[in-house]
Amino acid sequence: MVRSSRGDASPGMWRREAGTVVLRVPPFPEQAVAPFAIIAGLQVPRVPTEWAPHAHPRHELVWVRGGTLTSRVADRVFTVSEGHGLWMPAGVVHGGRATAGAKFYEAFFAPDRAPLAFASALALEEPRAIAMTPLLESLLTHLSRTDLDTAARQRAESVVFDVLQPSEHQFALQLPGDARIDAIAEALLDDPADNRSLEEWARWLGISDRTITRAFRHATGLSFAQWRQVLRVHRALTLLAEGLDVTTVSETLGYAQPSTFIASFRRVMGTTPGAFLDTADGAPDPSEGVRNPVVPVQNS
């Protein structure tokens, strides 16, 4: 089933772009990949695409080129940009969005075939951002081929388990999950540029600013100002990936000056927007220059 959305907002996610297509994800065809520990594929959404909440019987690793991926998992929002991937454990319910034209890669891992040392060392029972190194991407692209014999596939799979590592940036925005302040979080997710002060939010909700401060700190571990800063940086990752320049992103997110946005981005990400994008751009597209490139996977 496919339907279109015209800009309506989804709780806990960014405002949908006009023309977003929402896909209802069918059960993953387990019988089609039973002989393999890992199966990989690629799809390229021609329009902004959202996957309704769903779960898979296998672990899933997704990453993108030429765009960003945003995923909602319970009370967390993950934003994954180039150079990073998102590990989604089997059975975890999640929804996701990819920007139009992004190359959307995915790999599925059979839970009963992953080495015990791999699972225990990486604590991959929780969603995690993964460092998509050129080696890891090339190996997963290699595994998408249909002409590999069993021995070649097993060798490549064993190296994948050796090199797959969490990213030092986890890109997770903790949502409050507190009825007293959830309306603030939803309003800012809908419009990160909303510059209302803590006092203005308090008057809007009819509670004290001290209550808001304590609630944000207790629910997210961050002050209200810090939480809004992290949210804006998450949104900035998508805007920058879409090709917007720093000045435009700064204005879109409600910053008075680009220098203020750059300083905020550095506090959250540890680097400037330009340096972050340069690092992401330096990783090669795994589907280029590879014989028998990745095969499409439909709606998975």
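**Figure 1. Val 64 and its bridge partner in β10.** In this predicted model, Val 64 has a partner across the bridge in strand β10, and that partner is Phe 104. Zoom out a little and you'll see strand β5, residues 59-65, running alongside strand β10, residues 103-109. The two pair in the antiparallel sense, over 7 bridges. If you're new to sheets, remember that strands pair through backbone hydrogen bonds, either parallel or antiparallel.

**Figure 2. The open sheet of 5 strands.** Read across the sheet and the order goes β3-β10-β5-β8-β11, with antiparallel pairing. What stands at the edges? That would be β3 (38-43) and β11 (128-131). Each has a single partner strand, so one side of each has no neighbour in the sheet. The sheet isn't flat like paper, either: on average, neighbouring strands are turned by 25 degrees against each other, direction ignored.

**Figure 3. Two helices that pack on the sheet.** Start with helix α3, made of residues 134-143, which touches β3, β5, β10 and β11. Its direction makes about 110 degrees with that of β5. Now look for helix α4, residues 150-163, which also packs on the sheet. Helix α4 touches β3 and β10, and its direction makes about 80 degrees with that of β3.

**Figure 4. Trp 51 and Phe 104, a stacked pair.** Search the whole structure and you'll find 10 aromatic pairs. To describe such a pair, you give the distance of the centres and the angle of the planes. For Trp 51 and Phe 104, the centres are 4.8 Å apart and the planes sit at 20 degrees; stacked means under 30 degrees, so this pair is stacked. Trp 51 belongs to strand β4 (residues 49-54) while Phe 104 belongs to strand β10, so the pair ties together parts that lie 53 residues apart in sequence. Are these two buried or exposed? Both Trp 51 and Phe 104 are buried.

**Figure 5. Phe 265 and Phe 276, an edge-to-face pair.** Here the rings are 5.9 Å apart, centre to centre, with 70 degrees between the planes. Phe 265 comes from helix α10 (residues 258-269) and Phe 276 from helix α11 (residues 273-281), so to speak two ends of a link between parts of the chain 11 residues apart. Both Phe 265 and Phe 276 are buried. They also have company: ring pairs join Tyr 255, Phe 261, Phe 265 and Phe 276 into a cluster.

**Figure 6. Arg 196 and two Trp rings.** What does Arg 196 lie over? One answer is the face of Trp 201, at 3.9 Å from the ring centre. Arg 196 also lies over the face of Trp 204, this time at 4.9 Å from the ring centre.

**Figure 7. The buried side of helix α6.** Helix α6 covers residues 198-205, and its buried residues are Leu 198, Trp 201 and Ala 202. These cover an arc of only 100 degrees around the axis, which puts them on the same side of α6. They pack against α5 (182-190), α7 and α8. Right after α6 comes Gly 206, with a positive phi near 75 degrees.

**Figure 8. Ser 223, in a loop.** You'll find Ser 223 between α7 (209-220) and α8 (224-241). Its relative accessible area is 16%, and the cut-off for buried is under 20%, so Ser 223 counts as buried. Leave aside its neighbours within four places in sequence, and Ser 223 is in contact with Phe 216 and Arg 217.

Technical notes:
Residues numbered from 1 in each chain as written. Predicted model: local features only at pLDDT ≥ 70, side-chain atom pairs only at ≥ 80, totals over all residues. Heavy atoms only, no water. Pairing = 2+ DSSP bridges. Helix = DSSP H or I, 4+ residues; strand = E, 2+ residues; numbered from the N terminus. Axes fitted to C-alpha atoms, helices over the stretch in contact; angles between N-to-C directions. Contact = heavy atoms within 4.5 Å. Phe/Tyr/Trp six-rings, centres within 6.5 Å; stacked < 30°, edge-to-face > 60°. Buried < 20%, exposed > 50% of the residue type's maximum accessible area, 1.4 Å probe, protein only. Lys NZ or Arg CZ within 6 Å of the ring centre and 35° of its normal. Arc of directions from axis to C-beta.
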